[in-house]
Amino acid sequence: MGETNIEGLFAVFKSWFVQTVAAVGFLYVVLKVCRRVRQKSGRRPPGPPSLPLIGHLHHLVFGFSHTLAKIAEKYGAIICLDLGTVPVVLVSSQDMAREILKIQDHIFASRPKTLLGDLGKGLVFSPLNDHFRLVRKVCTTQLLSQQRIDSLKEMRRESLLKTMWIAFEEGHKIRCINLIDIMREMPMSITTRMVIRKGAGAHNQDCIKIMIEVTSSEVFFLEDFFPWLKLLDLSGHIKRLKMLGEKYSDIMESIIDNRLKEKTNSKSYNEEEFLDVLLTTSDFTRNQVKYLILDIILGGTNTNSDTTVWAITELLRHQSELDDVIGKERLVEEADLQQLEYPQAVVKETLRLHPTVVFGAHCPMEATKVAGYDIPANTRMIVDLYAISRDPKVWENCLEFDPSRFLNSPIDVKGQHYEVLPFSSGRRKCPGMNLGLLSVTYNLAQLVHACSITLPEGLTHLDVDVEEEFGLTLARWNPLNLLITRRPSDVYHKAGLNVIGQ
Ligand code: HEM
């Protein structure tokens, strides 16, 4: 009886095994044929030899930006990699970036379809169409206009000082604090308040929780490279993203309903809120409003905090000169920043060496050519912003943190100089660039100037590492534990603030 069972099982296993091998073999042949046909249909950018089935996916397993740099060194500034069954063209020089983001921007400004993109029906993942144009216009003229940025100055100041106070409380007890933790919370709540409204209370908190879940989500899904895997959802990613989307959607429904009730009932209703602007723009559906808000909060959060943390990381590894520039008699205010060339140079150099958005993901609307190579419509194009700003052919001592490169230099990071593109360029350039630059420079100048920041006892600047973690943004891999205390100074009183540890 037992033997019969084992034989039965063995027979089942054998037939399953044979079927699987046959299916994999068949798939391999089909993919090879497809690839031949594709290659015959045009001149494809070069790339290293690929493996059966997975193509070049193995190159992305460990520290892939460095692997990509090595591939580009050998094959050139435009390469094609087969990630699973999906060909991806990667460009990594300033000339290629100019070609994609300026000369052919009208063709390349669309987005490829990805799993994460299914979450967003707002701006970030929108293809290049009339809806995209309208959303961009509303964002740049309403939400992220200079006037609105200025009007929220006090909120940014209040939030930063509150964050510093949390650090001072710990510092007063001689306890270190992980800078990443406190910096991440701040822009998340500022951007949420900026788009949804100060005082939406519990709903804001729920919204923030979802955002944290989304930002800590993976960005590389096997299903993006083997689209047929979507049918099976073996990893459970599709189900999880769907659930996250539904949770977020429910919270936003309540926020929008409350807002509309206020509109009919209350005198306190204020049309100035961004949510109101969107709700009164008849061209948007509720879903579009919800997902645009998601994009803005996601776009404005980790980019901001991670850049600030990288800047502090680099300053800890080098001598800070801020005191000489600002003086010690008062707190830094946003109005000072224009005159503070050194902090601005520190931020630019940080964005060059640690661009928090590593890749610009684009997609041509029609077939075209780049550097003589054929690029079929809908090809996934990646502009490697990280590699471009570390290009040794362009930047002397490219891996060295040296803010003086940007002192008295015409080179800026705002998308006009293709050798450093932390906000990208063209139609898909970051719409939050001005707010991002202002917030990071202000955070940095204030932290360095008003706080005494030291490493935990026993550590020196040589212990500060720059290990990176690639996720939605390029973050520090390790925590940055620091002892942050207030400076022995009366600047806090002068600024009208009560201070811990007096
Ligand atoms: C240091 C801060 C920031 C950096 C380094 C940064 C960088 C970038 C980059 C490189 C892109 C992609 C461009 C491309 O695909 O070619 C982008 C897109 C975007 N960013 Fe930012 N960003 C920052 C801050 C912000 C802020 C503060 C907001 C909003 C409050 C924001 C909202 C967005 C949005 C909505 C997009 C998508 C635009 C589109 O697809 O058309 N970002 N950002």
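## Exercises on a predicted fold

Contacts between residues 24 or more positions apart make up 74% of those in the protein chain with a separation of 6 or more, where a contact means two C-beta atoms, placed from the backbone, within 7 Å. The model is predicted, with local features needing pLDDT of at least 70 and side-chain atom pairs counting only at pLDDT 80 or more, while totals for chains, interfaces and linings use all residues. Residues are numbered from 1 along each chain as its sequence is written.

**Exercise 1. Take stock of the chain: how many helices and strands does it have, and what percentage of its residues count as buried?**

Step 1. The protein chain has 19 helices and 11 strands. Helices (H or I, at least four residues) and strands (E, at least two) are DSSP runs, numbered from the N terminus.

Step 2. Of its 502 residues, 36% count as buried. Buried means 20 or more other C-beta atoms within 10 Å of the residue's own, exposed means 12 or fewer, and partly exposed lies in between, with C-beta atoms placed from the backbone.

**Exercise 2. Work out the open sheet of four strands: what is the strand order, and which strands stand at the edges?**

Step 1. The order is 1-2-7-4, and the pairing is mixed. Two strands pair if DSSP finds at least two bridges between them.

Step 2. Strand 1 (78-83) and strand 4 (359-362) each have a single partner strand, so one side of each is left without a neighbour in the sheet.

Step 3. From one strand to the next, the twist averages 25 degrees. Axes here are lines fitted to C-alpha atoms, for helices over the stretch in contact, and angles run from 0 to 180 degrees between N-to-C directions.

Step 4. Now look at strand 2 (residues 86-91) and strand 7 (residues 380-384), which are parallel and share four bridges. Leu 90 sits opposite Ile 382 of strand 7.

Step 5. Add helix 3 (residues 94-103), which lies across strands 1, 2, 4 and 7 and runs at about 130 degrees to strand 7.

**Exercise 3. Follow strand 11 through its sheet: which strands flank it, and which of its side chains are buried?**

Step 1. This open sheet of three strands has the order 3-11-8 with antiparallel pairing. Strand 3 (177-178) and strand 8 (451-454) are the edges, each with a single partner strand, so one side of each lacks a neighbour in the sheet.

Step 2. Strand 3 is joined to strand 11 by two bridges, and Asn 178 stands opposite Asn 481.

Step 3. Strand 8 pairs with strand 11 (residues 481-486) over four bridges. Ser 452 has Thr 485 as its bridge partner, and Cys 451 has Arg 486.

Step 4. Side chains alternate along strand 11: Leu 482, Ile 484 and Arg 486 point to one face and are buried, whereas Asn 481, Leu 483 and Thr 485 point to the other and are not.

Step 5. Cys 451 also leads to helix 7: its C-alpha atom is 8.4 Å from that of Phe 168, although the two are 283 residues apart along the chain. Phe 168 belongs to helix 7 (residues 153-172) and counts as buried because it has 22 C-beta neighbours inside 10 Å.

**Exercise 4. Analyse the packing of helix 14 and helix 16: at what angle do they pack, and which residues make the contact?**

Step 1. Helix 14 (residues 302-317) and helix 16 (residues 341-353) pack at about 105 degrees, with axes 9 Å apart.

Step 2. The pair is therefore roughly perpendicular; the classes are under 35 degrees for roughly parallel, over 145 for roughly antiparallel, 65 to 115 for roughly perpendicular, and oblique for the rest.

Step 3. Helix 14 contributes Thr 307, Trp 310, Ala 311, Glu 314 and Leu 315, and helix 16 contributes Val 346, Val 347, Thr 350 and Leu 351.

Step 4. Sorted by class, the contact has six nonpolar, two polar and one charged residues. Ala, Val, Leu, Ile, Met, Phe, Trp, Tyr, Cys and Pro count as nonpolar, Asp, Glu, Lys and Arg as charged, and the others, Gly among them, as polar.

**Exercise 5. Describe the ligand shell: how many residues surround the ligand, and which are the closest?**

Step 1. The shell has 26 residues, and the closest are Gly 299, Gly 300, Gly 360, Gly 432 and Gly 436. A residue counts as near if its C-beta atom, placed from the backbone, lies within 6 Å.

Step 2. Helix 13 (286-299), helix 14 and helix 18 (433-450) each supply at least two shell residues.

Step 3. By class, the shell has 11 nonpolar, 11 polar and four charged residues.
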